[in-house]
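Biologist: Before I plan anything at the bench, I would like a close look at one part of this model, the surroundings of the ligand, and then at what is built around that part. Please take it step by step and tell me how the terms are meant where your reasoning depends on them.

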Amino acid sequence: MLGIIGGSGLYKLEGLEEVRVLQIDTPFGKPSGPIVVGKLEGKEVCFLPRHGPDHNIPPHLVPYKANLWALRELGVKRVLSVCAVGGINRNFRPGDVILINDFIDLTKGRESTYYNGVYSPKVEGEDLPAKLMREGKVVHVDMSQAYCPQMREFLAEVLKKHGVPFHPSGVYACTEGPRFETPAEIKMIESLGADVVGMTGYPEVVLARELTMCYASLCVVANPAAGIAGYRLTSKEVLQMMAQREAQIKSVLRTFIML
Ligand code: HPA
């Protein structure tokens, strides 16, 4: 099953059939909100709004571990995340979609692994990640292809079909937030090799990979990053751009679900 994590401006996915709204608890606490499971033309999908259904969870307090664990419990094998980002690369315009292929972590002490060497009792039908966790194994997950190349390829085809301006690759820098960056920070982040900046892409991608789920992220440039446009950044600008793109992104998601 495909799991979709919606970011700023994407709080539900309409048009699903046989909808079930699930309140799930996990060993890592409750996810950001109820998870909606439904079908689109027979294809099952589940949807979780990262910031909660009413957008009241800030980026640094998103329960990333609970979110990914809950999706996995539902049988999700592929996760598609939608994120608003600030554009650093001058070729990326507000409204463009970036299918990121790598990340730089600039967050500060977020809980970013399931593998903390914690021993726990054996559970029925445990899979490999659960077994490794239970046994307290030291696990180093490969990040040389953090974002699923196949999902990115399919997404590129769908974006092309829908006429959405997009870039097939880009490096995402994740900052701690919830404040925006300073212009000096953006200069530094640019010099590190990042094309876009956001506050929620990490540790989501890592946790998905630790649970052996494929993960891809569809990033929408909501604003030029601090110091690039020469004016003050506001959340309103971010939400306005996401609202402008909402219908288009939802059609892209629907086509992707049905692939
Ligand atoms: N910086 C960090 N996160 C963001 C931005 C930004 O400029 N825009 C949307 N999310």
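Modeller: One cut-off is needed from the start: a residue is called buried if 20 or more other C-beta atoms lie within 10 Å of its own, exposed if 12 or fewer, and partly exposed in between. Please also keep in mind that this is a predicted model. His55 shows how the rule works, because its 16 C-beta neighbours inside 10 Å make it partly exposed. His55 sits in the loop between β4 and α1, and its phi is near 45°, a positive value in a residue other than glycine.

Turning to the ligand, 14 residues surround it, and the closest are Ala84, Gly86, Val197, Gly198 and Ala222. By character, this shell divides into 9 nonpolar residues, 4 polar ones and 1 that is charged. Three strands, β5 (78-87), β10 (196-198) and β11 (214-224), each contribute at least two residues to the shell, and the largest share, 3 residues, is that of β5.

Two of these strands are also joined to each other, since β5 and β11 run parallel and are linked by 10 bridges. Within this pairing, Gly87 has Pro224 of β11 as its bridge partner. Strand β11 is joined to β6 (residues 97-99) as well, here by 3 bridges and in an antiparallel sense, with Val97 partnered by Val220 of β11. Of the 11 residues of β11, 10 are buried, so this strand is largely enclosed by the rest of the structure.

Part of the surroundings of these strands is helix α6, which covers residues 235-258. What covers the buried residues of α6 includes β5 and β11, together with β1 (2-6), β3 (35-40), β4 (43-49) and α3 (149-161). The buried residues in question are Val238, Met242, Arg245, Ile249, Val252, Leu253, Phe256 and Ile257. Helix α6 has 24 residues and reaches 32 Å from its first C-alpha to its last, close to the 34 Å expected at 1.5 Å a residue, although there is a kink of about 50° in this helix, centred on Glu246.

The loops that adjoin two of the ligand-lining strands deserve a look as well. In the loop between β10 and α5 (204-210) lies Pro203, which is joined to Tyr202 by a cis peptide bond with omega of about 10°. In the loop between α5 and β11 we find Thr212, whose phi is near 60°, again a positive value in a residue other than glycine. Thr212 counts as exposed because it has 12 C-beta neighbours inside 10 Å. A further cis peptide bond joins Gly177 and Pro178, with omega of about -5°, and Pro178 is found in the loop between β9 (171-175) and α4 (183-192).

Lastly, Asn67 in helix α1 (residues 64-73) can be set against Thr212, because its 29 C-beta neighbours inside 10 Å make Asn67 buried. Leaving aside residues up to four places away in sequence, Asn67 touches Ile5, Pro31, Ser32 and Leu48. Its C-alpha atom is separated by 15 Å from that of Ala216, a residue 149 places away along the chain.

Conventions: Residues are numbered from 1 along each chain as its sequence is written. This is a predicted model: local features need pLDDT of at least 70, side-chain atom pairs count only at pLDDT 80 or more; totals for chains, interfaces and linings use all residues. A residue is near a molecule or strand if its C-beta atom, placed from the backbone, lies within 6 Å of it. Helices (H or I, at least four residues) and strands (E, at least two) are DSSP runs, numbered from the N terminus. Ala, Val, Leu, Ile, Met, Phe, Trp, Tyr, Cys and Pro count as nonpolar, Asp, Glu, Lys and Arg as charged, and the others, Gly among them, as polar. The expected span of a helix is 1.5 Å times one less than its number of residues. The bend at a residue is the angle between axes fitted to the seven residues ending there and the seven starting there. Two residues are in contact if their C-beta atoms, placed from the backbone, lie within 7 Å. Two strands pair if DSSP finds at least two bridges between them.
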